[in-house]
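Trainee: I should like to request a close look at a single part of this model, followed by one connected account of how that part relates to the rest.

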There are 2 protein chains.
Amino acid sequence: MESQDLRKAGLKVTLPRVKILEILESGKTRHFSAEDVYKQLLEAGEEIGLATVYRVLTQFETAGLVTRHHFDTGHSVFEMNLGNHHDHIVCVRCGRVDEFIDETIEKLQHEISEKAGYKMTDHCLYIYGVCQDCQKSE
Amino acid sequence: MESQDLRKAGLKVTLPRVKILEILESGKTRHFSAEDVYKQLLEAGEEIGLATVYRVLTQFETAGLVTRHHFDTGHSVFEMNLGNHHDHIVCVRCGRVDEFIDETIEKLQHEISEKAGYKMTDHCLYIYGVCQDCQKSE
DNA sequence: AATAAGAATGAGAAGCTTTTTCATTTATAT
DNA sequence: ATATAAATGAAAAAGCTTCTCATTCTTATT
Ligand SMILES: [Mn+2]
Ligand SMILES: [Mn+2]
Ligand SMILES: [Zn+2]
Ligand SMILES: [Zn+2]
């Protein structure tokens with residue numbers, strides 16, 4: 001139930017927030033730009049402004065409900081935060097996004113931070129490449 | 001000699017390109033936004049337009065002279081390409097940037113790409129954290 | 001050294017993503 | 001039901017980057 005998630009996050013239960021949460025949880029894909037979300041709202045006949053989409057996504061991020069990524073596409077990408085940290089491999093041809101996690105890399109990152117004298121707050125690893133499908137249709 | 005580098009890259013030797021190359025090579029810092037470069041040009045009394053700075057930096061990137069990074073600051077950051085791939089650790093407080101390379105991580109990235117069926121073209125690892133200085137002045 | 005041809009530049013306009021403003025609407029507590 | 005504060009939509013504006021186009025400069029050729 002989306003309303004519970006919102007209340008738990010300290011956010012009032014409003015139609016835009018519920019609808020956006022539904023889309024993010026819909027599961028067709030996991031990674032959305034603000035524009036992606038906005039388009040899906042339009043398709044669903046919801047009259048929710050783009051400014052609200054940006055506002056709500058940022059609030060969700062602050063509340064820890066979603067994670068924001070900076071793929072090198074020029075815009076932010078959001079996904080539900082399921083508590084499972086992972087990294088991304090992005091197809092530079094078709095935009096497909098796959099996820100992975102490597103414990104060895106995770107551990108090494110901590111060591112590197114310490115060695116450099118940093119207190120690590122976050123990290124992200126992006127691998128860019130050409131996915132299997134795009135290699136075929138070359 | 002900057003003119004040689006430019007000619008080798010197939011670019012005509014123009015004052016903006018020489019001056020920008022000088023700044024990038026100056027060595028005070030290694031990571032510059034377009035705005036950073038533009039400001040240094042102004043300070044040096046050069047009347048070079050911001051549009052030219054962007055144009056030239058992109059040309060340098062295409063020519064392989066510089067590398068472009070997408071820290072999550074909302075703007076591109078450029079540095080001379082010295083042929084030594086490395087990753088970055090960025091202070092979220094003061095913007096300081098340190099560099100590192102970890103061969104184990106590099107190797108693991110290749111393995112991950114293969115496993116996922118991707119032909120890797122590029123990768124970047126950003127660690128965000130609070131640097132030593134910023135931890136003190138808390 | 002002068003010339004011609006094409007490339008590069010600067011200024012400003014415009015593009016794109018994102019944020020802000022503000023009048024209006026809505027959620028929530030009473 | 002009412003009051004209060006928060007949220008929303010529309011439009012404007014901000015911030016970074018690219019584009020347009022008239023002018024200037026580089027380079028190759030006389
Ligand atoms: Mn993901
Ligand atoms: Mn670097
Ligand atoms: Zn692909
Ligand atoms: Zn710092």
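Trainee: How much area is buried between chain B and chain A, and what percentage of that area do carbon and sulfur atoms give?

Mentor: The model is a predicted one, and every value below should be read in that light. The area buried between chain B and chain A is about 2,900 Å², and carbon and sulfur atoms account for 66% of that area. The contact draws 35 residues from chain B and 35 residues from chain A. On the side of chain B, I112(B), Y118(B) and Y128(B) supply 22% of the area that this chain buries against chain A, which is more than any other three residues.

One element of the interface deserves particular attention, namely the pairing of the two α5 helices. Helix α5 of chain A, residues 103–116, packs against helix α5 of chain B, residues 103–116, at an angle of about 155°, with the axes 10 Å apart. Because angles over 145 degrees count as roughly antiparallel, α5(A) is roughly antiparallel to α5(B). The crossing of α5(A) and α5(B) is left-handed. From α5(A), the residues T104(A), I105(A), L108(A) and I112(A) take part, and they meet T104(B), I105(B), L108(B) and I112(B) of α5(B). By class, the residues of this contact are six nonpolar and two polar, with no charged residue. I112(B) thus appears in the contact of the two helices and is also one of the three residues named for the area that chain B buries.

Salt bridges form the next topic. Side chains of opposite charge can pair when their charged atoms come close. Across the interface of chain B and chain A, however, the rule finds zero salt bridges, whereas the count over all chains comes to twelve. An example lies within chain A, where E46(A) forms a salt bridge with K19(A), the closest N and O atoms being 3.8 Å apart. This pair links distant parts of the chain, 27 residues apart: E46(A) is in the loop between α3 (34–43) and α4 (50–62) of chain A, and K19(A) is in helix α2 (residues 15–25) of chain A.

K19(A) also belongs to a helix contact. The helices α2(A) and α3(A) pack at an angle of about 110°, with their axes 10 Å apart, and they are therefore roughly perpendicular to each other. On α2(A) the contact involves K19(A), I20(A), I23(A) and L24(A), which meet V37(A), Q40(A) and L41(A) of α3(A). The residues of this contact comprise five nonpolar, one polar and one charged.

In chain B, helix α3 (residues 34–43) packs with helix α4 (residues 50–62) at an angle of about 125°, the axes being 9 Å apart. That angle makes α3(B) oblique to α4(B), and their crossing is right-handed. The contact is made by A34(B), E35(B), V37(B), Y38(B) and L41(B) of α3(B) together with L50(B), V53(B), Y54(B) and L57(B) of α4(B). Eight of these residues are nonpolar, none is polar and one is charged.

As for the overall setting, chain A has six helices and five strands, arranged along the sequence in the pattern α-α-α-α-β-β-β-β-α-β-α. The C-alpha atoms of chain A fill a box of roughly 45 × 45 × 25 Å, taken along the principal axes.

Definitions and conventions
Residues are numbered from 1 along each chain as its sequence is written. Chains are lettered from A and ligands numbered from 1 in the order in which they are written. This is a predicted model: local features need pLDDT of at least 70, side-chain atom pairs count only at pLDDT 80 or more; totals for chains, interfaces and linings use all residues. Side-chain values use heavy atoms; hydrogens and water are left out. Axes are lines fitted to C-alpha atoms, for helices over the stretch in contact, and angles run from 0 to 180 degrees between N-to-C directions. Helices (H or I, at least four residues) and strands (E, at least two) are DSSP runs, numbered from the N terminus. Angles under 35 degrees count as roughly parallel, over 145 as roughly antiparallel, 65 to 115 as roughly perpendicular and the rest as oblique. A crossing is left-handed if the near helix is turned anticlockwise from the far one by less than a right angle, and right-handed if clockwise. Contact means heavy atoms within 4.5 Å. Ala, Val, Leu, Ile, Met, Phe, Trp, Tyr, Cys and Pro count as nonpolar, Asp, Glu, Lys and Arg as charged, and the others, Gly among them, as polar. Buried area is the accessible area (1.4 Å probe) that two parts lose on being put together, summed over both. A salt bridge is a side-chain nitrogen of Lys or Arg within 4 Å of a carboxyl oxygen of Asp or Glu.
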